[in-house]
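Me: Please take a close look at a single part of this model, the helix that comes earliest in the chain, and at what lies around it. A plain account will do.

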Amino acid sequence: MKNVLLVTYSQTGQVSEIATRLVAPLIEAGHRVHTECLQPETPFPWPWRFVDFIDVFPECVQLDAPPNRPLGIAEHEEFDLVILAYQVWYLAPSLPMTAFLQSAAGRRLIAGKPVITLVACRNMWLTAQATMRRLIAEAGGRLIDHLAFVDRAPALATFITTPRWVLTGRRDAFLGLPPAGVDEAEVRSARRYGEVLNGALAGDAERGSGPLLAGLGAAVVDPRLIISERAGSRAFAVWSRIIRACGRRGQWRRRPALLLFAIYLVLMILTVVPLSLLLQRLLAPLLAPRLQRLKQELERPSGSAGWRVSEDVR
Ligand SMILES: Cc1cc2nc3c(=O)[nH]c(=O)nc-3n(C[C@H](O)[C@H](O)[C@H](O)COP(=O)(O)O)c2cc1C
């Protein structure tokens with residue numbers, strides 16, 4: 001029987017619920033699963049006040065995370081597999097997950113261990129996952145699988161429904177737009193990965209180089225988002241440095257720069273994003289080979305192929 005560590009941070013419970021469904025088959029099979037819900041020393045608000053929501057941006061991008069409370073794990077406890085379930089904040093892992101990966105305790109737990117990442121967010125997880133991949137490698141962990149759960153509603157609808165959810169706490173359908181977040185059926189589908197993972201653990205497959213969850217359509221990259229994410233992450237790097245030069249988180253003196261950033265963000269979403277989608281459609285024949293190559297690279301290690309989906313997994 002294996003000793004599995006699930007590390008999660010979720011504000012609404014969406015990420016945790018997906019992760020719980022993933023590990024349910026392992027628990028039923030008798031494996032020990034220790035769940036560690038990260039707790040920042042100073043909790044982040046839910047729903048977010050607009051000013052706090054914008055103010056957290058520079059530190060997310062620059063990976064300057066405030067500390068979490070100590071973990072509830074005995075100092076010398078060893079795990080056979082670590083699962084990191086996280087959300088994306090400003091194209092970066094959420095600050096509590098970043099803090100975990102940078103902490104001495106987090107790095108010790110990951111060193112030399114196979115790691116599975118699970119992300120649930122609006123739809124932009126590529127840059128955040130590249131950061132997760134780097135931090136896991138720096139801690140000496142081996143990323144063997146990645147599962148991505150996103151809001152499948154049209155991108156333009158989610159530009160309204162996600163901020164509404166985050167800023168008001170309301171995720172229901174409104175004005176003809178679909179509810180915010182990962183669809184309920186998709187949340188439930190996390191179990192099928194757990195079934196396959198269970199079979200793999202029975203054969204000690206986590207000791208190999210992985211992936212264990214290939215062929216299940218675990219990480220599907222929308223090639224149209226690759227260019228938007230790259231442009232966004234470059235702009236975010238510049239803006240986050242400018243804002244931090246004006247003051248620290250919570251200080252009034254950086255608020256003018258934060259306001260300018262908020263205006264920039266809205267203008268970007270209203271102009272550059274639709275324009276870039278249109279340009280990509282027009283240039284599709286030219287861009288397709290390169291985007292296809294990048295798509296395959298970004299979907300590693302688990303990939304988007306679905307050749308095992310019809311296997312007998314509940
Ligand atoms: C400060 C903040 C920034 C966010 N930035 C992004 C983002 O860049 N990309 C994205 O896909 N989702 C983003 N989201 C949405 C979250 O990834 C997530 O879906 C949402 O907060 C619900 O997570 P939870 O249900 O686990 O609490 C952001 C949310 C917050 C609070």
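Reply: A residue is near the ligand if its C-beta atom, placed from the backbone, lies within 6 Å of it. The model is predicted. Of the 20 residues around the ligand, the nearest are Gln 11, Thr 12, Gln 14, Cys 121 and Arg 122. Helix 1 spans 14-28 and is one of the elements that supply at least two residues of this shell, along with strand 4 (88-89), strand 6 (114-121) and helix 7 (155-168). By kind, the shell holds 12 nonpolar, 7 polar and 1 charged residue.

Now the helix itself. Helix 1 has 15 residues, and from its first C-alpha to its last it reaches 22 Å, close to the 21 Å expected at 1.5 Å a residue. The helix bends by about 35 degrees at Leu 22, and Pro 25 follows within four residues.

Leu 22 and Pro 25 are both buried, and so are Gln 14, Val 15, Ile 18, Ala 19, Thr 20, Val 23 and Leu 26. Gln 14 is thus a buried residue of helix 1 and also among those that come nearest to the ligand. The cover over the buried residues of helix 1 includes strand 1 (3-8), strand 2 (32-37), strand 3 (81-86), strand 6, strand 7 (142-150) and helix 8 (184-202). Strand 6 therefore appears twice: in this cover and as a supplier of the ligand shell.

After helix 1 comes Gly 30, with a positive phi near 100 degrees.

Key:
Residues are numbered from 1 along each chain as its sequence is written. This is a predicted model: local features need pLDDT of at least 70, side-chain atom pairs count only at pLDDT 80 or more; totals for chains, interfaces and linings use all residues. Ala, Val, Leu, Ile, Met, Phe, Trp, Tyr, Cys and Pro count as nonpolar, Asp, Glu, Lys and Arg as charged, and the others, Gly among them, as polar. The expected span of a helix is 1.5 Å times one less than its number of residues. The bend at a residue is the angle between axes fitted to the seven residues ending there and the seven starting there. A residue is buried if 20 or more other C-beta atoms lie within 10 Å of its own, exposed if 12 or fewer, and partly exposed in between; C-beta atoms are placed from the backbone. Two residues are in contact if their C-beta atoms, placed from the backbone, lie within 7 Å.
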